[in-house]
Every structure is written in structure tokens, then in C-alpha cells.
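Have a look at the sequence and the 3D view below. We will walk through them together, one stop at a time.

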Amino acid sequence: MPDNAIELRNLRKTYPGAGRNTPKQALKGINLDVPQGSIFGLLGPNGAGKSTLINILAGLTIKSAGEVRIWGFDQDVTPRQSRAAIGVMPQELNLDPFFTPRGALEVQAGLYGVPKAQRRTDDILRLIGLEAQAEAYARTLSGGMRRRLLLGKALVHHPQILVLDEPTAGVDIELRQMLWANIRRLNAQGMTIILTTHYLEEAQEMCDEIAIINHGTMIIRDRTERLLARLDSKVLVIHPEDPPAEPVNLPPGVESNTRKDNALVFTYRRSATSAGDILLAVRQAGVHIRDVTTEEPDLEDVFVELTSARPGLINKDASPNAP
Ligand SMILES: Nc1ncnc2c1ncn2[C@@H]1O[C@H](COP(=O)(O)OP(=O)(O)O)[C@@H](O)[C@H]1O
Ligand SMILES: [Mg+2]
């Protein structure tokens, strides 16, 4: 088994400009390794290049330059093997309206050359919760059911890698829960999962590792918890027995606020100040401390920091174990 399910080297894609439009550089030299067995999140705003990257993996879009290795197979050298290792659930709902779910899964299996005896059509129908609709025409299915059918189609050839392009965009909570549960189950069985999303919360909850891309360039890639740790800003909340009798003499750079419940909220940079320094200053102001809590940044903060023009709060060297 390869260490990396996917390896991309200097991957580029330029769409030719139609009519008077100038050509569009959608991917500007992406280097990326996706470890085998992980749930990997490709995160970025609309237009970042996520679908372009996914569609190149799927063989639906032709790259302009660079190397793509899927399960160790170079896409240019061994296209059949590299295609067999990956299943893709596309962002667009591209289903033939006159196929039934069973028919669509059978046709897809046929396209991938899966022999009849090795097809798992009923298992897949069960997994995606479409047993009752197995013989219904796709055009009669709800949007959520169509999406589940797309997931099923991505699984017919038992790929080692499953790629989902914005699987939960615009779907209701129930379907989202079901997709997440399915994704986790497939991953637990050993499948490498790559998903794109512009929901930060989703990447944070689902993914072991995250790469953020914007304007066709990779901004950062790290383990999810390390990515969060890179954000230097931290919040310390102190609940005092009584409001401070005298002003707190804070270390430089620490901002303080008092909440309605009298809690003292301190925002500080952990590279410059420690929580201990703040606690000491508060105690020296004669405050009896009842309780202390800290708040970690979430991915939203990291994302806004990294994709905005002002590289202020990010401490590139921060270790996840820093105080
Ligand atoms: N077929 C295409 N022809 C021309 N430009 C395209 C095409 N597909 C995508 N683009 C452009 O490439 C950029 C990246 O698009 P896309 O990969 O769909 O981003 P994302 O999936 O992150 O929203 C966008 O600027 C988009 O307009
Ligand atoms: Mg997209």
C-alpha cells in the first residue's frame, strides 16, 4: 500500500478564455500529498479551484501541467489503474433522469468493468438508504436522494479513495448527518476520504488534515489541530468573586473587557504573553478568582487570517503545545 493515496506535483490548470475572455489560471502549481487512510479536507472559498482539482483527479478535466499520482499510479503512465483507485462524487447533480437508482449503479459498474458477480448493488442501495426507491426513476427522486445516489455511483468499483466535492452544500441536516456517518464508516474500513467544502465547521469536525487553497494556490496544509494552534490569538475569561477594586495592571498588548456577568475577558497573543502573567496581574489587583476558562480559535479565525491580506495574528512557528 502506498504511504500517500494522492500525490500532486506542480499541478496547473488554465482554462482557455472563451470569446473575448482572457484565459483563467484555476490552479497555479499545487503540490500536495494526501496520506493513505486519512480524511482530508480541501478547504477554500468559491472559485478557489477545488472542483478543478477534484475533476482532474477524476479524469474529467485535463490538467495543463504537473504530475498526478493516484494510489501510486501516475495518471499519464497508467491511467486505467489510477482511475480504478478513485471514486468521485461530483458537485453537480449529473444524473440521467430515466435511470432508476439500481439501473444507474449497474451502468456505472459496467463502465468500470466490474463483473456481475462482484457487484454490490444491493449493499450500496442499503448504504445510501435508497432501497425503497431502487426502481424509481431518478427524475422522481428528491435532491437529497439524488445526492446519495451520486455517492453510491462513486462506490461501485470499490475504490481505495473516495472524493466528495462539497457533499453537504445545500443539503438538510438529516442528510448531512447521514453523509457524515457514511463517510466515517467508510474511512474506518480503510478508505481514504478527500472532501472539499467551504464550510469551515465541517472541515474542522470531519478532517484529520486540511489544505486551504485560494485563487489556485495552496495557502497552508497541516493537521487540523495544528492549523488551529497556529492562530496566535487566545482568550482568557476570569470569573471574579467581586469586581476588581483597583485597575488591573496588565502586560502590554493584552486587551481587556468586562462582560455583563462581571466576567473579565482578556485577549492576548500567546507568543507574547502567558495566561499566568494575566492571572498574576489580576490577583495583584486584589481580585479573588472563582473560575477561569480559555477559548481556542476556530477554523473560521484561521481561515479569515490566512486568506486576508494582513498577516498579523498568525505565528508560523507556534507549536500545538505552546502555553
Ligand atoms: N470550465 C471552465 N471554464 C473556464 N473557467 C472555469 C471553468 N471551470 C472553472 N472555472 C474557473 O476556475 C476557477 C476555479 O473554479 P472551481 O474549480 O470551480 O472552484 P471551486 O470549486 O473552489 O469553487 C473559477 O474562477 C472558475 O470561474
Ligand atoms: Mg466547486
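How do the residues of the shell around ligand 1 divide into nonpolar, polar and charged? There are 4 nonpolar, 5 polar and 2 charged residues in that shell. Before we look at them, please keep in mind that this is a predicted model.

Let us meet the residues of the shell by name. Ligand 1 is surrounded by Tyr15, Lys24, Ala26, Pro45, Asn46, Gly47, Ala48, Gly49, Lys50, Ser51 and Thr52. Two elements, strand S2 (24-35) and helix H1 (50-58), each supply at least two of these residues. The most comes from H1, which gives 3 residues.

Now zoom in on the oxygen atoms of ligand 1. One oxygen atom lies 2.7 Å from a polar backbone atom of Gly47. A backbone N or O atom of Ser51 is 2.8 Å from an oxygen atom of the ligand. With Thr52 it is the side chain that takes part: one of its N or O atoms is 2.6 Å from an oxygen atom of ligand 1. On its own, ligand 1 has 560 Å² of accessible area, and the protein covers 62% of that.

Lys50 of the shell leads us on to Glu166, since Lys50 is among the residues in contact with Glu166. Find Glu166 in the loop between strand S7 (161-165) and helix H6 (173-188). Is Glu166 buried or exposed? Glu166 counts as buried because its relative accessible area is 3%, and the limit for buried is under 20%. Setting aside neighbours within four places in sequence, Glu166 also touches Gln91, Arg147, Thr196, Thr197 and His198. With His198 there is a polar contact between the two side chains, at 3.0 Å.

Our next stop is Val68, which sits in strand S4 (residues 65-70). Val68 is buried, because its relative accessibility is 0%. Which residues does Val68 touch, not counting those up to four places away in sequence? They are Glu7, Leu8, Leu11, Ile56, Leu57, Lys63, Phe73, Asp74 and Gln75. You can also compare Val68 with Ser82: they are 14 residues apart along the chain, and their C-alpha atoms are separated by 9.1 Å.

Next comes helix H3 (residues 101-111), where Pro101, Gly103, Ala104, Leu105, Gln108 and Ala109 are buried. A little helix geometry is handy here. An α-helix has 3.6 residues a turn, so residues three or four places apart point the same way. What covers the buried residues of H3? The cover includes helix H4 (121-127) and helix H5 (143-155). After H3 comes Gly113, with a positive phi near 70°.

Now step back to see the whole chain. The protein chain contains 10 helices and 14 strands, and its C-alpha atoms fill a box of roughly 80 × 45 × 45 Å along the principal axes. Of its 323 residues, 47% count as buried. Among contacts between residues at least 6 apart in sequence, 70% join residues at least 24 apart. The accessible surface of the chain comes to about 16300 Å², and 48% of it belongs to carbon and sulfur atoms.

Last, how confident is the prediction? The chain averages a pLDDT of 88, with 93% of the residues scoring at least 70. Over residues 309-323, however, pLDDT stays under 50. Where pLDDT is low, the predicted coordinates should not be read in detail.

Definitions and conventions
Residues are numbered from 1 along each chain as its sequence is written. Chains are lettered from A and ligands numbered from 1 in the order in which they are written. Side-chain values use heavy atoms; hydrogens and water are left out. pLDDT is the predictor's confidence in each residue, from 0 to 100. Contact means heavy atoms within 4.5 Å. A residue is near a molecule or strand if one of its heavy atoms lies within 4 Å of it. A polar contact is a pair of N or O atoms within 3.5 Å; within protein, one must be able to donate a hydrogen and the other to accept it, and residues adjacent in sequence count only if both atoms are side-chain atoms. Accessible areas come from the Shrake-Rupley method with a 1.4 Å probe; for residues, only the protein chains shown count as cover. Helices (H or I, at least four residues) and strands (E, at least two) are DSSP runs, numbered from the N terminus. Ala, Val, Leu, Ile, Met, Phe, Trp, Tyr, Cys and Pro count as nonpolar, Asp, Glu, Lys and Arg as charged, and the others, Gly among them, as polar. Buried means under 20% relative accessible area, exposed over 50%, partly exposed in between (1.4 Å probe, protein chains only).
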